[in-house]
Structure formats: structure tokens, C-alpha cells
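Hi,

Here is the structure I promised to send over. Have a look at it first, and then read on for what turned up.

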Amino acid sequence: MRIYGHRGAAALAPENTLEGFRAALSCCDGFECDVRATLDGRLVLMHDGFLERTTEGTGRLGERVFDEVRALDAAYRFRPDLGYPLRGRGVVVATVEEALREAAGRGRVILELKALPFEPGYDPDEPVARALGGLLGAGARGDIVVSSFNPFALKVFRGLAPDVPTALLVPAALEAASGIDGAAAAGHKGCHLAEALVDAPAVARARDAGLEVVAWTVNDPARVRAFDGWGVDGIIADDPVAAVEALRASGERRVLGVSRDEVDQASTESAARAVENSNRDASPM
Ligand code: G3P
Ligand code: CA
């Protein structure tokens, strides 16, 4: 079973930042991150459509141009725990291109399209899916999966980047069976199930449908081990070190030889590197 860090590695580093991506890549098989667009159409990685929860900024991400967003401190709200250790260290809102560059040859990137029809500012023309499809359709690099709760966004994306695997996200409010059947009928490669939906029959149903099964967000070591036993292909975890340790304890995981302290150290060092990198132009791939 593969392990992917959630929003980079949200328990170990500021979410959706290069620091988090590096932390995940240093200890597991890759990471998941959230794709949104700025007012001027740049694809950046941020979970919320608003700036407040993760940065010192306010208001909607989609109403700010990239340079404004890039000037924000993406570690501003990262607490551990409440010393805010990475504030003012140059941790910036990352771009899709930067995430892919970081992961190239090192692990999988799960890019979640965050266009949700009930969100303020949602555009049914799916501009985020179009922009990501344009970027990756021109030649995706590396091990990439594009996921979304929004089947319309995935359809638009696939029209532009048919060679990039896609996965339908299934929230806990839905039935596992309907999500799995819907993912298979739409031709997705994977089905990313909410943790609460995962049981042995659901995994078997998805496998029978030829789908790769990924569970999110899995932070309970007992559930990590159970999912592995049921044949889940991958889990998305806030703390990928803990997930690796859970599998290692069951004898099912290769010994990576990476300790939590080493990952923490790597995250801190990468924050320092970010100070230099933040001045570098985030040029397209
Ligand atoms: O990709 C699965 C998971 O990340 C979806 O939940 O809210 O953390 O984006 P959320
Ligand atoms: Ca996500």
C-alpha cells in the first residue's frame, strides 16, 4: 500500500507548500495537494478559496493576482504548537509547476481540482480544470493523478489531457457503491474514498471495477493496517511518517530508515531554502 501526504504533509509542515511536499517525498510515496487559480489565471496550491486560514491575507484567492498571493506568508498560521516556527521564513504559496518539479522522479503528485459548484465564485465553465488540462495536456511530467469531487471539472480536464489518470473523490456523505460505480462508468482510473466509506466490500467492489482505491484522510494507525489488509492501493495521511510507522509495525512496509526528527529537520531546512527560492521566478515548466 502506498502512502501519500495530505496537502503535502499537513501535520509536519505548512499545508500545500514546497516544505510540505519535501517532507512527504522524504518519507513516503508522494503527496496530495489542492489546485485553485488566482485572478490572473495562475494555478496555485491552496485548500481554501479564502486566504485567512493559512496566510495573513484576507478575502478570496480568486480575487487576487498571482503577485499579491505570492507575497503572502504561507506558513503564517502553521502553529507547532503555537510557536509559529516558520512565520517570516519565506514560505510562499506554491504553484502547480513547482510541485511537479519537486516531485519529478521522486514520487506521485495527486492534484485535486478544487472547483466546487456550491462555492462562492464558482464558474461552471470550469476555468481551473481548463488551465490544468492545458498545462498537463501539453506534456505531463512524472507520476500524476488529477482528482476532484466535481465530475464536471474532471470531464473538462480529461478532454484536454486524456493521457493523465483521473480519480473521482467520494465524500463520506455519499454511498461508497454509488461513488465507485460512478467513477467506473465515467472511465476514471481511480476512486478516492473518504476514510469512513472504506470497508472490505467497498474495496472489493472498486477492485472488481478495475479502479485504483485511495482512502483519505487516514490518521488512525489501526485503520492504516486494516486498509492495507483489505487491498487498498494507497492512503492519504496528514502525518505520513506515522502512517509509514504503522505499516512498518505490522511488517508490511519496507523500512525507509527515515525518522520523524529527520523529516522535521528537513522541513525546517527547506524553509530556509524557500527564502532563496521565493526570489526565483516561478517560471512555467
Ligand atoms: O484528496 C482528498 C482530500 O484531500 C479531500 O479533502 O478537504 O482535505 O481537500 P480536503
Ligand atoms: Ca485535498
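Leu193 has Ala215 as its bridge partner in strand 8. Keep in mind that this is a predicted model. That pair is part of a wider match: strand 7 (residues 190–194) and strand 8 run parallel and are joined by five bridges. To get from strand 7 to strand 8, the chain passes through helix 7 (residues 200–208), and this β-α-β crossover is right-handed.

Strand 8 also pairs with strand 9 (residues 234–237), in the parallel sense and over three bridges. Here Val214 has Gly234 as its bridge partner in strand 9. Helix 8 (residues 221–230) goes with these two, as strand 8, helix 8 and strand 9 form a right-handed β-α-β unit.

How much of strand 8 is buried? Four of the five residues in strand 8 (residues 212–216) are. Ala215 is worth a click: setting aside neighbours within four places in sequence, Ala215 is in contact with Leu193, Glu195, Val198, Phe227, Val232 and Ile235. Ala215 also belongs to the largest nonpolar core, which has 85 residues; Ala215, Leu132, Cys191 and Ile235 are the ones that touch the most other members. As a rule, nonpolar side chains in soluble globular proteins tend to be buried together.

Then there's the ligand. The residues around ligand 1 include His192, Trp216 and Ile236, along with His6, Glu32, Asp34, His47, Glu112, Ser147 and Leu169. Sorted by class, that shell comes to four polar, three charged and three nonpolar residues.

Cheers

Notes
Residues are numbered from 1 along each chain as its sequence is written. Chains are lettered from A and ligands numbered from 1 in the order in which they are written. This is a predicted model: local features need pLDDT of at least 70, side-chain atom pairs count only at pLDDT 80 or more; totals for chains, interfaces and linings use all residues. A residue is near a molecule or strand if its C-beta atom, placed from the backbone, lies within 6 Å of it. Ala, Val, Leu, Ile, Met, Phe, Trp, Tyr, Cys and Pro count as nonpolar, Asp, Glu, Lys and Arg as charged, and the others, Gly among them, as polar. A residue is buried if 20 or more other C-beta atoms lie within 10 Å of its own, exposed if 12 or fewer, and partly exposed in between; C-beta atoms are placed from the backbone. Two strands pair if DSSP finds at least two bridges between them. A crossover is right-handed if, with the strands pointing away from the viewer, the path from the first strand over the helix to the second runs clockwise. A nonpolar core is a set of buried Ala, Val, Leu, Ile, Met, Phe, Trp, Tyr and Cys residues joined through C-beta atoms within 7 Å. Two residues are in contact if their C-beta atoms, placed from the backbone, lie within 7 Å.
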